[in-house]
Amino acid sequence: MNADDACGRGEASDETAPVLQPGDAGAPAGALPRLMLLVGRFRNHIANLTAFTILQAASYLIPVVTIPYFARTLGISGMGQLAIAGAVALAAGVVMDFAIQLSGTRFAAAHADDPNALADYLKASVVVKLTLMVPMFIALAIGSLFVPALMQHFWVFFWSLTSAAMICLFPQWLFQGLLVMPLAARILVTCRVGAAVAAMAMVRTPGDLFIVPMTQAVGGMAALIATGLLLKRRFGIAPGLPTKGAAGALARENRTLFSATAWGAAYTHGGVIIMSMLLPAVSIGYYSIAQKISQAFVSMFNVAAQTGFPTFVRTHARAGSLFARQVKIYMAVVLAVSASALLIMLLLREPIYHFFAGERSALGAQVFVLWLVASLFTIASVSLNPVMVVLRLDASMAKVYQWTGLTFLVVAPIACAWFGILGMAGVTLFTEGFMAFFCATSVMIALRQTWRRQAPSPQTAGSELQ
């Protein structure tokens with residue numbers, strides 16, 4: 001298959017093939033043939049959904065297996081130290097990505113029939129990421145000379161940052177936008193499962209703490225190498241330098257969207273970093289376990305958001321009214337399913353937390369409850385983020401994330417100092433609730449404006465009737 005065939009898969013057939021209606025001559029009779037026709041038309045979307053489901057299921061099941069083992073082997077304090085290093089690395093990863101995961105998916109979906117444009121965008125994105133990546137490692141090396149915690153756990157921080165860099169460089173946005181996620185899912189699931197198995201086989205004592213992020217980094221490197229070979233063989237995209245000025249133009253274009261993701265990362269990863277300055281590692285360990293369970297649950301709902309992103313781009317470009325109905329149905333299903341699942345987890349909160357932590361902790365269970373409630377708001381905002389990107393609400397996202405991040409950085413240390421990890425979890429709950437409310441309000445206003453622009457005026461409607 002050449003690059004043109006691969007990039008155009010699923011689009012040309014949808015637009016050029018005649019759509020049979022139930023009453024058309026030659027249309028398949030009966031419910032089963034119509035269902036088969038529908039499945040055939042949306043086969044690429046179904047394949048993407050299946051791939052995301054498998055990928056997110058792996059992301060959910062791997063912590064289910066590894067967290068109990070590491071909590072018992074490394075101790076709650078070791079889990080806290082992993083959480084600190086992971087939070088720092090993931091925050092740096094947000095900077096390195098520079099919002100390209102979001103803008104890249106939008107670009108790939110809009111230029112699915114132009115492999116040359118996709119190749120140029122990929123090359124420019126790699127240059128931008130590498131330019132931001134080098135200072136991160138330099139800062140880690142310099143910081144380890146002056147910060148005792150960095151010096152003591154240097155290799156934990158180093159491998160955590162390397163793992164975040166590999167995640168950042170992986171061009172998931174390209175597979176997502178082209179509706180060929182099964183290709184990426186095979187690579188990612190294989191490498192992530194392999195890294196988890198290797199970590200559990202090698203970690204035997206608390207001194208093996210650095211092995212956990214090291215295996216994740218090696219798995220990320222393997223995924224990146226396999227992806228490079230796949231892109232060259234399947235799509236004709238090979239590593240190289242972008243056209244002159246392309247990287248700079250991409251960086252300028254993504255500034256506003258990056259501002260939104262960066263301030264979002266301030267409260268997403270900033271909580272653990274703030275707690276590391278005020279609380280012992282054991283307390284952070286209890287908080288981290290509750291956070292990881294919640295985040296693993298939320299990651300399952302990224303399936304719908306990531307799968308629907310390319311479809312949202314196409315539908316919005318073709319029919320604004322259809323796009324509005326699509327978003328309403330999508331959000332109704334997401335919220336109904338997530339609320340039902342969260343209610344079950346709330347009822348079983350104590351045995352669930354005990355299973356992961358390896359010991360009973362009333363404080364840990366309380367934090368877990370706050371995280372579960374916050375998860376409902378997180379799912380709402382995460383599900384609406386792709387819709388906001390499609391509607392090009394980048395500036396609105398950046399503004400609210402900025403104010404939310406600033407408020408969090410001021411309030412969170414005070415709440416943590418007064419109420420410990422419960423205070424931090426409470427601030428997170430409030431922050432997620434505010435974000436969900438803002439995202440929902442922004443999307444509703446934008447959809448209403450889109451509908452008004454596309455609705456025919458009375459004069460236009462009258463002239464069409466005449």
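Val 313 is buried in this predicted model, with a relative accessible area of 13%. The residue sits in helix α17, which covers residues 302-318. Although Val 313 and Arg 106 are 207 residues apart along the chain, their C-alpha atoms are separated by 6.9 Å. A second pair of this kind involves Gly 207, found in the loop between α11 (181-202) and α12 (211-235). Gly 207 and Thr 73 are 134 residues apart along the chain, and 9.9 Å separates their C-alpha atoms. Here the glycine is exposed, because its relative accessibility of 56% is over the 50% cut-off.

Helix α16 offers a useful look at a covered element. Spanning residues 281-300, α16 has 20 residues and reaches 28 Å from its first C-alpha to its last. That reach is close to the 28 Å expected at 1.5 Å a residue. Of the 20 residues in α16, 15 are buried, and the helix is mostly covered.

Turning to charged contacts, the count comes to 1 salt bridge. Its partners are Asp 97 and Lys 129, whose closest N and O atoms are 3.6 Å apart. Because Asp 97 belongs to helix α5 and Lys 129 to helix α7, the pair ties together parts that are 32 residues apart in sequence. Both partners have little accessible area by the cut-off of 20%: Asp 97 is buried at 15% relative accessible area, and Lys 129 counts as buried at 2%.

The chain just after Asp 97 also deserves a look. Phe 98 lies in the loop between α5 (75-97) and α6 (100-110), and Ala 99 lies in the loop between α5 and α6 as well. Ala 99 has a positive phi of about 65° although it is not a glycine. Most residues other than glycine have a negative phi. At 2% relative accessibility, Ala 99 counts as buried. Arg 392 likewise has a positive phi, of about 60°, without being a glycine. This arginine is located in the loop between α20 (362-390) and α21 (394-454). What is the accessibility of Arg 392, buried or exposed? With a relative accessible area of 57%, Arg 392 is exposed, since the value is over 50%.

Aromatic contacts are next, and the structure holds 14 aromatic pairs. One of them joins Tyr 69 and Phe 70 in an edge-to-face arrangement, with 5.7 Å centre to centre and 65° between the planes. The two residues fall into separate accessibility classes: Tyr 69 is partly exposed at 24%, whereas Phe 70 is buried at 6%. Another pair brings together Phe 98 and Phe 258, with ring centres 4.4 Å apart and planes at 20°, so the pair is stacked. This contact links distant parts of the chain, as Phe 98 is in the loop mentioned above and Phe 258 is in helix α14 (residues 255-268), 160 residues apart. Phe 98 counts as buried at 11% relative accessibility, and Phe 258 also counts as buried, at 17%. Elsewhere, ring pairs link Phe 137, Phe 154, Trp 155, Phe 158 and Trp 159 into a cluster.

Nonpolar side chains also appear on the outside of the model. Val 134, Ile 138, Ile 142, Leu 145, Phe 146 and Val 147 form a nonpolar patch on the surface. Together these residues have about 610 Å² of accessible area. One of the members, Val 147, lies in the loop between α7 (115-146) and α8 (148-152). Val 147 counts as partly exposed, because its relative accessibility of 37% falls between 20% and 50%.

Finally, how many disulfides does the structure hold? The structure holds 0 disulfides. Cysteines are present all the same, among them Cys 168 and Cys 191. Cys 168 is buried, with a relative accessible area of 5%, and Cys 191 counts as buried at 16% relative accessibility.

Conventions. Residues numbered from 1 in each chain as written. Predicted model: local features only at pLDDT ≥ 70, side-chain atom pairs only at ≥ 80, totals over all residues. Heavy atoms only, no water. Disulfide = S-S within 2.5 Å. Buried < 20%, exposed > 50% of the residue type's maximum accessible area, 1.4 Å probe, protein only. Helix = DSSP H or I, 4+ residues; strand = E, 2+ residues; numbered from the N terminus. Phe/Tyr/Trp six-rings, centres within 6.5 Å; stacked < 30°, edge-to-face > 60°. Patch = residues over 30% accessible without salt bridge, like charges linked within 9 Å, V, L, I, M, F, W, Y side chains within 5 Å. Areas by Shrake-Rupley, 256 points an atom, 1.4 Å probe, with all protein chains shown as cover. Salt bridge = Lys/Arg side-chain N within 4 Å of Asp/Glu carboxyl O. Expected span 1.5 Å × (residues − 1).
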